[in-house]
Amino acid sequence: MQKVIVIGCPGSGKSTFSKALHEATGLPLYHLDMMKWNADGTNVPKSTFMERLYQALEKESWIIDGNYGSTMDLRMQFCDTVFFLDYPRDICMEGIKSRKGKKRSDIPCATLEDEDPEFVEFINNYNSASRPAVMELLHKYAHKRIIIFADRQEANEFLSQIG
């Protein structure tokens, strides 16, 4: 396990899991949100985002957390391990609400995600709209090490075994 991606619905705890995995393994950690967003809440140009992503992908080892469906296939090509936090919608909505107002090290700007109707709709529709594409990619890259967690307890048990 040298090149790892962590994916899942927003609010599933990708960054929290990734930080714990980083602490347990020492693998460098990269957050897609840090590559994509400016401190003022605007997006960097797509070319800048892709340049930052390729700089990480070309390194010897890493953990990259985040969804960004447009780059998921690319990241799966480069990785050797995929962690998919495949949690129910309610757990993800709870995750979004629990981080409201908290300073985060995985994104450079303050967010009001739980107040953004489009974001809430994305989470509500994740299992029917986004999850099938993720499952298709996991099938495509079935030769990789793929670990799917159905709840936080499974993820925490895994981390406790490697930590």
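## Salt bridges and a parallel sheet

With a relative accessibility of 34%, R89 counts as partly exposed. The model you see above is a predicted one, and the exercises below start from this residue.

**Exercise 1. Find the salt-bridge partner of R89, and decide whether that partner is buried or exposed.**

*Solution.*
- Step 1: Look for the acid. R89 forms a salt bridge with D90, and their closest N and O atoms are 2.9 Å apart.
- Step 2: Apply the cut-off. A residue is exposed when its relative accessible area is over 50%. D90 has 51% relative accessibility, so D90 counts as exposed.
- Step 3: Put the pair together. An exposed D90 meets a partly exposed R89.

**Exercise 2. Work out which residue forms a salt bridge with R131, and where the two partners sit in the chain.**

*Solution.*
- Step 1: Identify the partner. The side chain of R131 meets that of D86 in a salt bridge, at 2.8 Å from N to O.
- Step 2: Place both ends. R131 belongs to helix α6, while D86 lies in the loop between β4 (81–85) and α5 (89–98). The two are 45 residues apart, and the pair links distant parts of the chain.
- Step 3: Check the surroundings. Buried means under 20% relative accessible area; D86 has 17%, so D86 is buried. R131, at 25% relative accessibility, counts as partly exposed.

**Exercise 3. Do the same for D73, then state how many salt bridges there are.**

*Solution.*
- Step 1: Name the partner. D73 and K140 meet through their side chains in a salt bridge, with 2.9 Å from N to O.
- Step 2: Place both ends. D73 is in helix α4 (residues 69–78) and K140 in helix α6 (residues 117–140), so-called distant parts of the chain, 67 residues apart.
- Step 3: Classify them. D73 counts as partly exposed at 21% relative accessibility, and K140 counts as partly exposed at 49%.
- Step 4: Give the count. It comes to three salt bridges.

**Exercise 4. Derive the strand order of the sheet, and explain why β2 and β5 stand at the edges.**

*Solution.*
- Step 1: Start with β1 (residues 3–8). Four bridges join β1 to β3 (residues 62–65), and these strands run parallel; here K3 has W62 as its bridge partner.
- Step 2: Turn to β4. Five bridges join β1 to β4, again running parallel, with F83 as the bridge partner of V6.
- Step 3: Add β2. This strand pairs with β3 in the parallel sense over three bridges, and Y30 has I64 in β3 as its bridge partner.
- Step 4: Read off the order. Five strands form an open sheet, β2-β3-β1-β4-β5, with parallel pairing. β2 (29–31) and β5 (145–149) each have a single partner strand, so one side of each lacks a neighbour in the sheet. From one strand to the next, the twist averages 15°.

**Exercise 5. Determine how much of β1 is buried, and which helices pack on the sheet.**

*Solution.*
- Step 1: Count in β1. Five of its six residues are buried, so β1 is mostly covered.
- Step 2: Follow helix α3 (residues 46–57). This helix lies across β1, β2 and β3, and runs at about 145° to β3.
- Step 3: Follow helix α7 (residues 152–162). It packs on the sheet and touches β4 and β5, its direction making about 130° with that of β5.

Methods:
Residues numbered from 1 in each chain as written. Predicted model: local features only at pLDDT ≥ 70, side-chain atom pairs only at ≥ 80, totals over all residues. Heavy atoms only, no water. Salt bridge = Lys/Arg side-chain N within 4 Å of Asp/Glu carboxyl O. Buried < 20%, exposed > 50% of the residue type's maximum accessible area, 1.4 Å probe, protein only. Pairing = 2+ DSSP bridges. Axes fitted to C-alpha atoms, helices over the stretch in contact; angles between N-to-C directions. Contact = heavy atoms within 4.5 Å.
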